[in-house]
Amino acid sequence: MSNPNARTRSDVDADQDKRTSFKAMMAYAKPHKWTFTGIFFCSLLGISADLLQPYLVKIAIDDHLAIGQTSPLFLVQLAAIFLGLAIISFIFTYIQNNLLQHVGQNIVSRIRKDLFRHISKMSMSFFDRFHIGSLVTNVSSDTETISSFFTQVLLSLIRDGMMLVLIIVFMFQLDPVLASYSLIVLPVIAVVAVLFRSRLRTAYQNARTRLSRLIAFTAENLSGMFLIQAFHQEEEQKKRFSEQNALHLEANITQARSNVIFNRTFDILGNAALVMMVWLGGRAVLGESLQVGVLYAFISYIRQFFQPINQITMQWNTFQSTTVSMDRIWNILNTQPEVADPKPEQTSSLEPRHVMGQIDFNDVSFGYRADRPLIQQLNLHLYPGEMVGIVGTTGAGKSTLISLLNRFYDVDKGSIEIDGTDIRQLPQAKLHRIVGLIQQEPFLFSGSIIDNVRMFREDITSEQAMEACRFVGAHAMITRLPKGYDTHLSERGSGLSAGERQLISFARIVVFQPRVLILDEATANLDSHTEQLVQKALESVSQGRTTIVIAHRLSTVMHADRILVMENGEIVEEGTHHKLIEAQGVYADLYTHARDAGKNSTKSG
């Protein structure tokens with residue numbers, strides 16, 4: 001049996017979260033309060049100029065035309081006043097719209113900037129939970145929706161809300177009885193809005209969620225297009241895309257249907273109110289209890305009365321979409337990194353240039369999930385300038401060790417120290433200056449080769465970057481390119497081979513000079529010739545540095561000072577290549593298997 005109180009508490013918490021996210025987004029508008037004040041007064045002057053026009057006609061009809069004052073001078077004066085009011089309305093409406101667009105775009109630009117900065121600071125566990133496609137939607141589509149709030153919804157609330165109030169004032173000024181009748185429709189409007197609120201929000205939520213899934217699916221397929229074509233998965237992926245697209249289409253149709261019903265309901269209410277006012281006003285004019293000019297002005301105001309209401313209700317749809325986007329963005333901004341920099345009083349004074357390179361894993365335990373520990377009470381000590389190879393089957397915990405040393409994740413128990421300093425006492429920026437990482441698939445950004453080597457830092461000169469490329473043997477390859485170091489690379493450096501991209505990543509290491517160097521499967525995708533080039537670069541780069549090499553290819557670690565063999569998160573063997581071969585253990589089996597596989601490959605070739 002369900003507990004209604006629990007459901008109520010859940011609803012209250014959800015509403016509280018919505019209010020919190022809305023307040024957080026509105027806080028971005030606070031620095032622009034004087035601009036919003038200017039927008040308010042521009043709206044007031046522009047609307048007043050518009051609403052004075054029917055009242056002016058009423059005066060002309062009842063106080064002049066009805067008593068026979070039809071001189072050309074009067075008509076010229078009336079036309080001049082009308083033109084003046086139209087010009088005033090145009091000028092202040094133009095200023096108001098420009099001010100609102102300026103402030104709205106500035107607010108959204110700041111939100112987008114803060115969102116990107118916040119995402120870039122998140123721990124790796126964050127990206128385990130949030131899909132890349134969803135984050136792309138947050139940064140692009142959701143922020144654009146919030147832009148619509150500031151440039152459309154807020155304008156409607158200011159302008160149409162003010163117009164509604166002024167119209168009511170003018171109607172009561174003309175005839176309090178008819179004005180009272182016209183307000184009967186307001187409670188009906190409120191009831192309709194409340195009834196549609198939940199349905200509209202659900203429709204927008206579904207549409208946004210399915211859009212995120214569609215974007216995520218598309219991004220995933222574009223990234224893996226090589227694999228899709230290699231295994232002839234085009235039709236299968238097309239089918240899956242069609243399913244996602246159909247779900248998104250269905251959500252959009254449901255959303256559009258809800259909008260149409262909502263808006264047309266207000267159209268019917270507006271027309272009904274107009275008919276009632278014409279009937280009541282017409283009877284009053286025939287009974288000579290109401291002047292013709294008053295009826296004309298009143299009908300004009302009634303027609304205008306439902307315009308701001310209709311505009312506000314139409315913007316209600318955008319507001320629903322905005323609140324969904326605000327919730328999604330606030331959910332990101334409110335997520336704190338699991339790995340955080342130490343407090344100032346807990347920060348170590350260790351400087352990167354003074355690091356010797358002693359690394360200690362002390363009783364380290366860790367698991368990506370609390371109920372599934374991967375590493376338990378591991379002790380490992382690496383000495384300054386030592387090259388250590390780590391081998392083992394997939395899932396043995398090799399890359400996890402590297403992630404912990406880079407502090408992509410924090411250990412559950414124990415500690416990791418560099419020169420006796422717990423890495424949790426080092427700011428992450430300083431830690432990543434100490435520890436340099438070269439991965440299996442080096443990431444190159446869109447830009448020139450020289451900028452990719454120095455990572456777009458202007459304080460690193462071109463000469464320093466070129467010298468680093470010479471040091472690792474990449475200079476000859478780069479100078480053969482059409483524009484040399486100024487050659488522009490596309491996304492991920494697709495114009496270069498795997499070995500060339502890897503050499504550039506080695507050059508980065510030389511430029512930034514970390515004291516600890518990590519190679520995570522850095523030669524796994526290279527042919528034997530390119531591997532020799534990278535191996536030579538590794539020998540140059542690793543001089544004077546503590547170096548950790550993770551490799552499937554045992555040839556990469558055969559000359560290491562020490563080789564560690566991992567299984568199930570534990571170090572099961574340790575020693576030099578020759579000692580481990582003599583021990584006839586796990587490493588010897590891996591070596592024999594790799595050698596036999598190489599022979600078979602040569603024969604088949």
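## Burial and the model as a whole

A residue is called buried when its relative accessible area is under 20%, exposed when the value is over 50%, and partly exposed in between. The structure described here is a predicted model, and buried residues make up 45% of the 605 residues in the protein.

The protein has 19 helices and 12 strands. If one takes the contacts between residues at least 6 apart in sequence, 79% of them join residues that are at least 24 apart.

## Threonine 400 and helix H11

Threonine 400 belongs to helix H11, which covers residues 398–405. Its relative accessible area is 6%, and because buried means under 20%, threonine 400 counts as buried. When residues up to four places away in sequence are not counted, threonine 400 touches Phe366, Tyr368, Leu374 and Ile375.

The helix around threonine 400 is mostly covered, since seven of the eight residues of H11 are buried. These buried residues are Lys398, Thr400, Leu401, Ile402, Ser403, Leu404 and Leu405. After H11 comes arginine 407, whose phi is positive, near 60°.

## Isoleucine 423 and its contacts

Which residues does isoleucine 423 contact, leaving aside its neighbours within four places in sequence? They are Leu404, Leu405, Arg407, Ile416, Ile418 and Leu431, and two of these, Leu404 and Leu405, are among the buried residues of H11. Isoleucine 423 itself lies in the loop between strand S5 (421–422) and helix H12 (428–434).

With a relative accessibility of 3%, isoleucine 423 counts as buried. Although isoleucine 423 and arginine 407 are 16 residues apart along the chain, their C-alpha atoms are separated by 7.6 Å.

## Two further residues with positive phi

Glutamine 377 is found in strand S2, which runs over residues 375–382, and its phi is near 50°, a positive value in a residue other than glycine. Is glutamine 377 buried or exposed? Its relative accessibility is 62%, and because the cut-off for exposed is over 50%, glutamine 377 counts as exposed.

Aspartate 419 is placed in the loop between strand S4 (413–418) and S5. It is not a glycine either, yet aspartate 419 has a positive phi of about 50°. With a relative accessible area of 25%, aspartate 419 is partly exposed.

## The crossing of H14 and H16

Two packed helices are described by the angle between their axes and the distance between the axes. For helix H14 (residues 462–472) and helix H16 (residues 498–512), the axes come within 8 Å and cross at roughly 120°, and H14 and H16 are therefore oblique to each other. Their crossing is right-handed. On the side of H14 the contact is made by Gln464, Ala465, Ala468, Cys469, Phe471 and Val472, and on the side of H16 by Leu503, Phe506, Ala507, Val510 and Val511. Sorted by character, the residues of this contact are 10 nonpolar, one polar and no charged.

Within H14, the residues Ala465, Ala468, Cys469 and Val472 are buried. Seen down the axis of H14, the buried residues fall within an arc of 100°, so they line one face of the helix. An α-helix has 3.6 residues a turn, so residues three or four places apart point the same way. H14 is followed by glycine 473, whose phi is positive, near 85°.

Key: Residues are numbered from 1 along each chain as its sequence is written. This is a predicted model: local features need pLDDT of at least 70, side-chain atom pairs count only at pLDDT 80 or more; totals for chains, interfaces and linings use all residues. Side-chain values use heavy atoms; hydrogens and water are left out. Helices (H or I, at least four residues) and strands (E, at least two) are DSSP runs, numbered from the N terminus. Buried means under 20% relative accessible area, exposed over 50%, partly exposed in between (1.4 Å probe, protein chains only). Contact means heavy atoms within 4.5 Å. Axes are lines fitted to C-alpha atoms, for helices over the stretch in contact, and angles run from 0 to 180 degrees between N-to-C directions. Angles under 35 degrees count as roughly parallel, over 145 as roughly antiparallel, 65 to 115 as roughly perpendicular and the rest as oblique. A crossing is left-handed if the near helix is turned anticlockwise from the far one by less than a right angle, and right-handed if clockwise. Ala, Val, Leu, Ile, Met, Phe, Trp, Tyr, Cys and Pro count as nonpolar, Asp, Glu, Lys and Arg as charged, and the others, Gly among them, as polar. The arc is that of the directions from the helix axis to the C-beta atoms.
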